[in-house]
Number of protein chains: 2
Amino acid sequence: MAQSNEDAVMIKRISDEILTNGKAYDLLHQLTKQIGGRLAGSPQFAKAVQWGKTTMEQNGGDKVYLQECMVPHWVRGGKDLASIVSVNQKATNRKLDATALGNSLGNGKPLTANLVLVADFAELERRKDEVKGKIVYYNYAFNPTNVQTFVSYGDAGIYRYAGASRAAKYGAAGVMIRSLTSSTANDPHTGAMKYNDSFPKIPAIAIGPRDADYLWELGKQSALKVSMTTSGHFLPDTIGHNVIAEWTGSEYPDQYITIGGHLDSWDVNEGATDDGAGVVHTIEVMRALKAIGYHPKHSIRFVLFANEENGLRGGTKYAEEAKAKGEKHVFALESDAGGFTPRGFSIAGSKEQLAKLRNWIPLLAPYGTSFIVDEGGGADIGPLNKFFGTPYGELLPDSQRYFDYHHARSDVFENVNKRELLLGAVNMASLIYLVDKYGL
Amino acid sequence: MAQSNEDAVMIKRISDEILTNGKAYDLLHQLTKQIGGRLAGSPQFAKAVQWGKTTMEQNGGDKVYLQECMVPHWVRGGKDLASIVSVNQKATNRKLDATALGNSLGNGKPLTANLVLVADFAELERRKDEVKGKIVYYNYAFNPTNVQTFVSYGDAGIYRYAGASRAAKYGAAGVMIRSLTSSTANDPHTGAMKYNDSFPKIPAIAIGPRDADYLWELGKQSALKVSMTTSGHFLPDTIGHNVIAEWTGSEYPDQYITIGGHLDSWDVNEGATDDGAGVVHTIEVMRALKAIGYHPKHSIRFVLFANEENGLRGGTKYAEEAKAKGEKHVFALESDAGGFTPRGFSIAGSKEQLAKLRNWIPLLAPYGTSFIVDEGGGADIGPLNKFFGTPYGELLPDSQRYFDYHHARSDVFENVNKRELLLGAVNMASLIYLVDKYGL
């Protein structure tokens, strides 16, 4: 009880420091407004690496260094276009707000073809004989009834990721998908796709939600011909970097706790929520623990990962190097679900570890954490868990607004709230403190 | 267990209905964009009453009627101005973004005087001999370390409410206050003040946060002369209305459950968060329960209250009339803390009632409710509690963004999120369902 009270006092100190002197919001402004979108391989990503190194040095990173890794270098290559060019054989020119899917290929020339509209893969299978030479549109929508929006993303995400090759298998010339969001704004949402090498690599584009509604309603009654132009292609792999700040532990210097977010983002926005928030959470946790004079027992690494969005090369490299050096990793925590008000954590670990973590909920509850689910998460630290069995997971901010902005133009600084962002850092710093003090 | 499962199924039905077919967001768009700010006594408020009546009739209000009450009629009367006119006797003209406090009086002419800057009332008391004929500025700031922002509001609110008369007592000619917010935007925040009739009724104005910072820093080092112009005055009391939709209960038709929000707002914004959200929450709960075919045991009144912001005449009238008719009121619930993601409820009741309510938390947790505190709340239903001892309280959405917008220009539709808004209605409808079914 005395101990728990000591922890409550310490966590209140952490919270007061962050809510009073927190720099996360100003740092996010720098990252989003001075650098902006920063896809792996881009000049902006290289600039972000330098910003990350300098910023970590200025905010308590004792030893700051870059960890090199090769990253893919996909470029959008031009302006993405989509339009309806005829309705029941009658020419028209109705533009659709659209964005090519990340990793998709396009030749920069208009692809014009009749449209086959399907609700889902099941309908595609039933109508597979109709799609040859056509463009296929998937209307599969985000399920609004899931309170946890990531569940709807998990459900609908396969259309973005695999929709092109599923249609190419039956001879489709291109695919359009409904954007992965339940937002009513017409902002289209990009994100990674992957081709199945067995089939032609056809272009793939996401349509803004309101235009998707329009297309679907019109297509139910009328024969549509559409046009799409995308220019995505890969340049040779290039050098990228994880940015790492390291503190040496006083009692267990050879045992590591990792906390991080990913520095890359898509190219269509400022990457404020995905994952500027995670980047500045990571730096803020470091800054605040330093500011209150905390000296950790374990070594702590604060990591800004490269290339989460379209390759995961940064997270993979980090785990590979840790394995090569025979390091011991006791815990890893990521922030990659936004800068919204914190609600809990998702951490994969043993039954005993989960019980220990859940015992701490009353200490974290005044700051927003009301649950710890055992689903893990944090793509960049997944490889660490795979190699070492390290308990790992992520901050779970409230998820209602996340997919309004995710991979869309609207993922900008203005859509992040200062206090919500800071509270995320409060909960992360407090959990790191508890894990460092008591082990897991 | 079987019963609880039946309730879980019912609550899931309510949630699915609201998250799929919810109209709250579209209704909020109507209220904010077609009507906008709607202070008691204004033509916009009268328009909002008609909108409320029609909208409730269209969304399941069996019996919809207006309940008349007299309301105060304060008008801003002109453009509010504030500026620094000299620094150390050297003339300048630095404008300050400012808004007159509600209920404050002004004659529309510039009041120009030397400025006395104080941190708080304690400093005012120490320096009371300096303020005669001067303008007093209170720098008392929102405490950022309170995770529950309403605690900081409760703490700082006295400067807005009573600051003018406290300074007038010592002969001050006018007061300026720091806006009640921890936001870094320079948007000034209005809100109700009250004069103490023993002292001169001097003008009072709130300064935007960044300009407040500037004024405070500059005033520490330099003698400042400032000017302020406000034009607030009262017109004669006028007729206002509560809008009430009533359902008759099947088992206890003479026992009432009240759910509501307030229809009036300040004049400087669209009143989206305060309290458009509560208005559309109330209508959405009614619409959804009707849509799923729910027939209540108790009579339920859905109430859009008049004049919460500067008089509470609507809430008072509602309770007075209930008392005059000898009605029995078993529960009252308000939404007046915004359309943000729901986190819990604050309900004042007996120990047994609180225990009963808390037993339902597991049923509500999947939709955001993780606690029920026993502090009551909901200004408009306070009189009901006072007259009848009715257990009463309010929805507690996450409070981090509330005071960014509260009484400021930025309280507009665009700062409300659709899914967060709908989830508030889900939690309210579910709680009403449980109270109606099991009593309290």
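**Figure 1. Two salt bridges are counted between domain 1 and domain 2 of chain A.** This is a predicted model, and here we're looking at the place where the two domains of chain A meet. Domain 1 takes in residues 2-75 + 236-438, while domain 2 covers 81-231. Measure from C-alpha centre to C-alpha centre and the model puts the two domains 34 Å apart. On the domain 1 side, 18 residues join in the contact, and domain 2 brings 23 residues to it.

**Figure 2. The domains of chain A bury about 1,600 Å² between them.** Carbon and sulfur atoms supply 53% of that area. Which residues of domain 1 lose the most area to domain 2? They are Trp74(A), Phe403(A) and Arg409(A), and together they make up 39% of what the domain 1 side buries. Keep an eye on Arg409(A): its side chain also meets that of Asp97(A) in a salt bridge, at 2.7 Å from N to O.

**Figure 3. Eight strands of chain A line up in an open sheet.** Reading across, the order goes E1-E10-E12-E11-E13-E16-E14-E15, and the pairing is mixed. At the edges sit strand E1 (63-75) and strand E15 (371-373), each with pairing on one side only. Direction ignored, neighbouring strands in this sheet are turned by 25° against each other on average. For a look inside the sheet, pick out strand E13 (residues 328-334) and strand E16 (residues 392-397) of chain A, which run parallel and are joined by three bridges. Within this pair, Glu334(A) stands opposite Glu394(A) of E16(A).

**Figure 4. Helices H3 and H9 of chain A pack on the sheet.** Helix H3 (residues 43-58) lies across E1, strand E10 (233-247) and strand E12 (298-305), and runs at about 5° to E10(A). Helix H9 (residues 351-359) touches strand E14 (342-348) and E15, with a direction that makes about 165° with that of E15(A).

**Figure 5. Lys33(A) and Glu270(A) meet in a salt bridge.** Over all chains, the structure holds 56 salt bridges, and this is one of them, with N to O at 2.7 Å. What does the pair tie together? Lys33(A) belongs to helix H2 (residues 24-35), and Glu270(A) to the loop between strand E11 (252-262) and helix H7 (272-291), so the bridge links parts of chain A that are 237 residues apart in sequence. Lys33(A) is partly exposed, at 34% relative accessibility, whereas Glu270(A) is buried, at 14%.

**Figure 6. Glu420(A) and Arg401(A) form a salt bridge between buried residues.** Their side chains come to 2.9 Å, N to O. Glu420(A) is in helix H13 (residues 418-438) and Arg401(A) in the loop between E16 and helix H12 (402-405), so this pair ties together parts that are 19 residues apart in sequence. Are these two buried or exposed? Both Glu420(A) and Arg401(A) are buried.

**Figure 7. Lys63(A), Glu246(A), Arg301(A) and Glu327(A) are linked by salt bridges.** Rather than a lone pair, this view shows a network of four residues in chain A.

**Figure 8. In chain B, Arg127(B) pairs with Glu123(B) in a salt bridge.** The closest N and O atoms are 2.7 Å apart. Arg127(B) counts as partly exposed, at 22% relative accessibility, while Glu123(B) is buried, with a relative accessible area of 14%.

Terms used: Residues numbered from 1 in each chain as written. Chains lettered and ligands numbered in written order. Predicted model: local features only at pLDDT ≥ 70, side-chain atom pairs only at ≥ 80, totals over all residues. Heavy atoms only, no water. Pairing = 2+ DSSP bridges. Helix = DSSP H or I, 4+ residues; strand = E, 2+ residues; numbered from the N terminus. Axes fitted to C-alpha atoms, helices over the stretch in contact; angles between N-to-C directions. Contact = heavy atoms within 4.5 Å. Buried < 20%, exposed > 50% of the residue type's maximum accessible area, 1.4 Å probe, protein only. Domains from an automatic or database assignment. Buried area = accessible area lost by both parts, 1.4 Å probe.
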